[in-house]
Amino acid sequence: MADDYLVRIGKLIRDARQHRGWTQSQLADALGTSQSAVNRIERGNQNISLEMIARIGEALDSEIVSLGYAGPMHLRVVGGRRLSGAIDVKTSKNACVALLCASLLNQGRTVLRRVARIEEVYRLLEVLGSIGVRTRWINDGVDLEIVPSAELDLAAIDADAARRTRSIIMFLGPLLHRMDHFKLPYAGGCDLGTRTVEPHMIALRRFGLDIAATEGQYHAMVDRSVRPDRPIVLTERGDTVTENALLAAARHDGTTVIRNASSNYMVQDLCFFLEALGVKVDGIGTTTLTVHGVPTIDVDVDYSPSEDPVEAMSLVAAAVVTESELTVRRVPIEFLEIELAVLEEMGLDHDRTPEYFADNGRTRLVDLTVRPSKLEAPIDKIHPMPFPGLNIDNVPFFAAIAAVAQGKTLIHDWVYDNRAIYLTDLNRLGGRLQLLDPHRVLVEGPTRWRAAEMMCPPALRPAVVVLLAMMAAEGTSVLRNVYVINRGYEDLAERLNSIGAQIEIFRDI
């Protein structure tokens, strides 16, 4: 019973700290204690006095510490409302997490501008803080400063935070340059079925990294005599696989050629960041990357990750499903051109501004205005392909869009084992989706949405699709336990409310 009490108090403190936007190290500084002590408190592994609880509450400016256990976050959605006005796209979640991992390459100070304030980033900051990296939010919490430690303490890693993010696997590429042997917890993240890490191991083995998986951990050993003496051919054109290979190549003293590389948006942002670190990368935007590595990186770097094309697609889908006129600003058009071409064929009424550059000076943006449209089901199936094809993460939004179109649409989500299954949760809201097999769903529209109360699907994009359908459904819906949405979207409910939605955040008491 006492242990359960400590765990609940720890979770309360962690939630309050994250709401404030602080890392464990920042809270430790405010309390005059160590980061490891804060880590133990938040994990329920340390006795804590009422005086310390009061001090923590004062430091975090949070009365929640005195009110009891903060349960899961839920959303109450009053649907059937039209959206209007304009909304800006936030920076890319997937780019931000890659850049956080890439900061381990640098011995200097890294500043990342307009970092997404999302749970996935918070988990990585907890992991970085637990191993000795100092991070803090600056400029009123808009930007993030990262200052590395000369020595990393992998033995003190926050395993709970690490297991809640799949991004931890991108520590392998940077760490193989810093340590001859180390351990990392298994990668976690969304429940999307079996997703093998073997392509990562095949690529990193060429840099001398050998991995043994035992007891919930990766045991890594590095053989410094092994060097990539010929081009590395990735067995999967995956985003994180390519990023891991890039991170390993960045500090390899020599030239590394990576073939069958992803050229997707987060990979390009990582390449731009590596160039800011002094690493030359040829072939950005293609499937062959040539990396001219440097053995030591010690520079103060300031970088602005670009906007998130998947969030942009989410907002476009919100307008389509709610039959609204909405302007989505700062859309990275290069990474949405196929999706928009499909929507044009379906009958979407929209226009766009001339292109302009993102803050990184490289990514092309537009402002996109979407208007209510009579959509027809596409003739061809909707299916993802590696960039420049239709983005894998944008496929679920077409389930909601197809549900408001006239006719039947076949969606083939061949990448993930389970994600298509979660799309059938739309049937609870009046949708007519038939699961043909674990990868294919037949969607029939148009749909008369109806309100419902349901649990959030355990996968990020299908969870947002359910939320969008609730916004279109007349009446009041409840979506329970939305942590997975907070993993990938910053203040999504509040931002949707700013353009006309009516979404209330609440917790069980």
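Colleague: What is the radius of gyration of the protein chain, set beside that of a compact globule with 509 residues?
Modeller: This is a predicted model, in which local features need pLDDT of at least 70 and side-chain atom pairs count only at pLDDT 80 or more, while totals for chains, interfaces and linings use all residues. Residues are numbered from 1 along each chain as its sequence is written, and side-chain values use heavy atoms, with hydrogens and water left out. The radius of gyration is taken over C-alpha atoms, and the globule rule is 2.2 Å times the number of residues to the power 0.38. For 509 residues a compact globule would be near 23 Å, and the protein chain agrees with this at 23 Å.

Colleague: What percentage of the 509 residues is buried?
Modeller: The C-alpha atoms fill a box of roughly 60 × 60 × 40 Å along the principal axes. Buried means under 20% relative accessible area, exposed means over 50%, and partly exposed lies in between (1.4 Å probe, protein chains only). By that rule the buried share of the protein chain is 58%.

Colleague: Among contacts between residues at least 6 apart in sequence, what share joins residues at least 24 apart?
Modeller: A contact means heavy atoms within 4.5 Å. The protein chain holds 18 helices and 23 strands, where helices (H or I, at least four residues) and strands (E, at least two) are DSSP runs numbered from the N terminus. Of the contacts asked about, the share is 74%.

Colleague: How far apart are the centres of the positive and negative side chains?
Modeller: Lys and Arg count as positive and Asp and Glu as negative, without His and the chain ends; each charge is placed at NZ of Lys, CZ of Arg, CG of Asp or CD of Glu. The protein chain has 55 positive and 67 negative side chains. The centres of these two sets are separated by 2 Å.

Colleague: Which strands stand at the edges of the open sheet that contains S10 and S12?
Modeller: Two strands pair if DSSP finds at least two bridges between them. The open sheet has four strands in the order S9-S10-S12-S11, with mixed pairing. One side of each edge strand is left without a neighbour in the sheet, because each has a single partner strand; these are S9 (232-233) and S11.

Colleague: Which residue in S12 stands opposite Val281?
Modeller: S12 (residues 288-292) pairs with S10 (residues 255-259) in the antiparallel sense over five bridges, in which Val257 stands opposite Thr290. S11 (residues 280-282) also runs antiparallel to S12, through three bridges. On the S10 side, Thr256 has Val291 as its bridge partner in S12. On the S11 side, the residue opposite Val281 is again Val291.

Colleague: In the hairpin of S11 and S12, which residue takes a positive phi?
Modeller: The hairpin has five residues between the strands. A phi near 90 degrees is found at Gly283.

Colleague: Which residues other than glycine have a positive phi near 55 or of about 50 degrees?
Modeller: Most residues other than glycine have a negative phi. The residue near 55 degrees is Glu323, in the loop between helix H12 (309-321) and strand S14 (326-332), and Glu323 is partly exposed at 45% relative accessibility. The other lies in the loop between helix H17 (483-488) and helix H18 (492-497) and is partly exposed, with a relative accessible area of 42%. The two residues are Glu323 and Asp491.

Colleague: What is omega for the cis peptide bond between Gly445 and Pro446?
Modeller: Another cis bond runs from Phe387 to Pro388, with omega near 15 degrees, and Pro388 is in the loop between strand S17 (364-371) and H14. Pro446 lies in the loop between strand S20 (440-445) and strand S21 (453-455). For the bond from Gly445 to Pro446, omega is about 0 degrees.

Colleague: How many of the nine residues of H14 are buried?
Modeller: H14 covers residues 395-403, and those buried include Phe397, Phe398 and Ile401. The helix is largely enclosed by the rest of the structure, because the buried count is nine of the nine.

Colleague: Is Glu119 buried or exposed?
Modeller: Glu119 is found in helix H6 (residues 119-130). Leaving aside neighbours within four places in sequence, Glu119 is in contact with Gln18, Tyr483, Asn486 and Arg487. At a relative accessible area of 13%, Glu119 is buried.

Colleague: What distance separates the C-alpha atoms of Leu154 and Leu175?
Modeller: Leu154 is in the loop between strand S5 (143-147) and helix H7 (159-163) and is buried, with a relative accessible area of 10%. Not counting residues up to four places away, Leu154 touches Ile131, Leu175, Met179, Phe182, Lys183 and Leu184. Leu154 and Leu175 are 21 residues apart along the chain, and their C-alpha atoms are separated by 10.0 Å.
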